[in-house]
Amino acid sequence: DVTVYGSGESTAKAKVNNADVGAVSVGVMVGVAVAAGQFDAQFATSGTVNVGSIDIDNIYSSIANADVDPATGGVQISGGNVEVNTAVAVNTTRANTGILGDPENKGTVAKINATGTVDVEATGKVLANAKVNTPFLAVNIASLVANQVIAVAKAEQNTTIEDVDLTALSVNVRSVLNNKDTTSQDPDDDGFLGASAVVATGAKWTDGNSVSVNLLNLNSNVAVADFDATNMASIDNAILSAGDSITVENNSSSYAVGNVIGGSGLNFYSAVVTVVNADANGTFGSTITNSKGIKAKNLTTRTGYKAHANATSASNGVRASVANVSTNQSYAFVAPPVSSGVSGTGTVDVGSDEEGDSQTSSNGNITIQVDGTATAKAQFLKPLLELNGLSLAINVAKAELQGTQTAFANGMEFNASGDMTVQSNFNESI
């Protein structure tokens, strides 16, 4: 038997506590966390391999957490051109799991004969979390960025069998990234995975005013959460023969949460008070491509995913005397391209074994399926506005739900003694 097991953690944490600063030009409180690990579990061969079973398993977690906490009253500043309270979390982790032909001569097919099962599985957890907690600012300046949080996750997970002529009892390729069945959508829960950018302003002040300023230009609260990860389960450029089933499965979630909670009291000339962006994207697939032939009792490719973007501005109150203001922008965007399918040349024979014996009713099925759930939500909670101004855009909210979802069977001759199903389901559970 061949067993390859990979396990690891990539953790980056930045914790910044309170500071009091008097300055003309200063970045007051900055926390940056970058997780950029690589986790590989692979078996490669350029010749002929005779083996019992093959088990490739890769389990990892990658966490980037930036936490800025002005816990005892925040920042008091007198100066000019000040950037205050910045938290940045970036996750660019990669994971490669699989069985490969000759890696130095891509496209050259190796022969693998397995009398048992062939299982290739990757399970990843990816989080980018940036947060500024309960800041309180009293300033008199010309230019200010009061709170800025940015969380970006662009992880890549590839789980594959490629460039092989493979015979086995069964073949299973499974890739799980932020399991859609167990991952919470609430960034306050321990089970949350994805990208979260939160500005929690003024939560400890009874008057609800987290920012009091007199200035020329203000970009007060900015929260950007961007999850754009790749998770692919695939078999490419292969000849497959299984005595039982061949399964390629993808399980993914893409969650992006941007929150600004609190309020501000302002007297200024030109400002963007609150900007919240939440982008939940990614590329998810379970595919068999460039196939030269497939034989099995059952053949299944399935992609299941959830993608949710939530941008929330929960302002206790904005009171301003202004000339030109673009106030409170909330933007949620969801657009993952998702696929599942089989393509190539040659023949797909499902349901007959080598002796041509009859099969039970549970065999002989080809199933190609995508099940997706996606939402984009941009909202403002309990707005309160008192102002005297010449030009004002109070609240601008935009939610976009795009992306493509494809189930395909292309180029091959498909023969099934049972059912052949090619199905794409979207938001059926909502």
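## Overall fold

Among contacts (heavy atoms within 4.5 Å) between residues at least 6 apart in sequence, 88% join residues at least 24 apart in this chain. The structure is a predicted model, in which local features need pLDDT of at least 70 and side-chain atom pairs count only at pLDDT 80 or more, while totals for chains, interfaces and linings use all residues. Residues are numbered from 1 along each chain as its sequence is written, and side-chain values use heavy atoms, with hydrogens and water left out.

The chain has zero helices and 30 strands, where helices (H or I, at least four residues) and strands (E, at least two) are DSSP runs numbered from the N terminus. Of its 430 residues, 55% are buried; buried means under 20% relative accessible area, exposed means over 50%, and partly exposed lies in between (1.4 Å probe, protein chains only). The accessible surface comes to about 16900 Å², with 45% of it belonging to carbon and sulfur atoms, the areas being obtained by the Shrake-Rupley method with a 1.4 Å probe and, for residues, with only the protein chains shown counting as cover.

## Nonpolar cores and a surface patch

A nonpolar core is a set of buried Ala, Val, Leu, Ile, Met, Phe, Trp, Tyr and Cys residues joined through side-chain atoms within 4.5 Å. The largest such core has 44 residues, and those with the most contacts inside it are Ala87, Val126, Val149 and Ala223. Strand β19 gives the most to this core, with six residues. A second, separate core has 37 residues, including Ile112, Val248, Leu299 and Ile366.

Leaving aside residues up to four places away in sequence, Ala87 touches a set of residues that includes Gly31, Ala66, Val132 and Val149. Val88 lies in strand β9 (residues 86-91) and, with the same exclusion, touches Gly31, Val32, Ala33, Ala66, Ala130 and Ile150. The C-alpha atoms of Val88 and Ala14 are separated by 9.0 Å, although these residues are 74 apart along the chain.

On the surface, Val30, Val32 and Val34 make a nonpolar patch of about 250 Å². Patches are made of residues with over 30% relative accessible area and no salt bridge, like charges being joined within 9 Å and nonpolar side chains (Val, Leu, Ile, Met, Phe, Trp, Tyr) within 5 Å. Val34, which is placed in strand β3 (residues 30-35), is partly exposed, with a relative accessible area of 49%.

## Aromatic pairs

Rings of Phe, Tyr and Trp (its six-membered ring) pair if their centres lie within 6.5 Å; planes under 30 degrees apart count as stacked, over 60 as edge-to-face and the rest as tilted. By this rule the count comes to three aromatic pairs. In one of them, the ring centres of Phe284 and Tyr305 are 6.2 Å apart and the planes stand at 40°, so the pair is tilted. This pair links distant parts of the chain, with Phe284 in strand β19 (residues 245-291) and Tyr305 in strand β21 (residues 298-326), 21 residues apart. Phe284 is buried at a relative accessible area of 0%, and Tyr305 is buried at 3%.

Tyr331 and Phe333 also form a tilted pair, with 6.2 Å from centre to centre and 35° between the planes. Here Tyr331 is partly exposed, with a relative accessible area of 24%, whereas Phe333 counts as buried at 17%.

## Salt bridges

The structure holds nine salt bridges, each being a side-chain nitrogen of Lys or Arg within 4 Å of a carboxyl oxygen of Asp or Glu. Lys106 forms one with Asp163, the closest N and O atoms being 4.0 Å apart. The two residues are 57 apart in sequence, Lys106 in the loop between β10 (94-100) and β11 (110-114) and Asp163 in strand β15 (residues 156-168). Lys106 is exposed at 60% relative accessible area, whereas Asp163 is buried at 3%. Lys106, Glu162 and Asp163 are linked in a network of salt bridges.

Lys154 forms a salt bridge with Asp226, with the closest N and O atoms 3.5 Å apart, and another with Asp228, where that distance is 3.4 Å. Lys154 lies in the loop between β14 and β15 and Asp228 in strand β18, so this pair ties together parts that are 74 residues apart in sequence.

## Backbone at two asparagines

Most residues other than glycine have a negative phi. Asn178, however, has a positive phi of about 50°; Asn178 is found in the loop between β16 and β17 (194-200) and is buried, with a relative accessible area of 0%. Asn290 has a positive phi of about 55°, is placed in strand β19 and counts as partly exposed at 44% relative accessibility.
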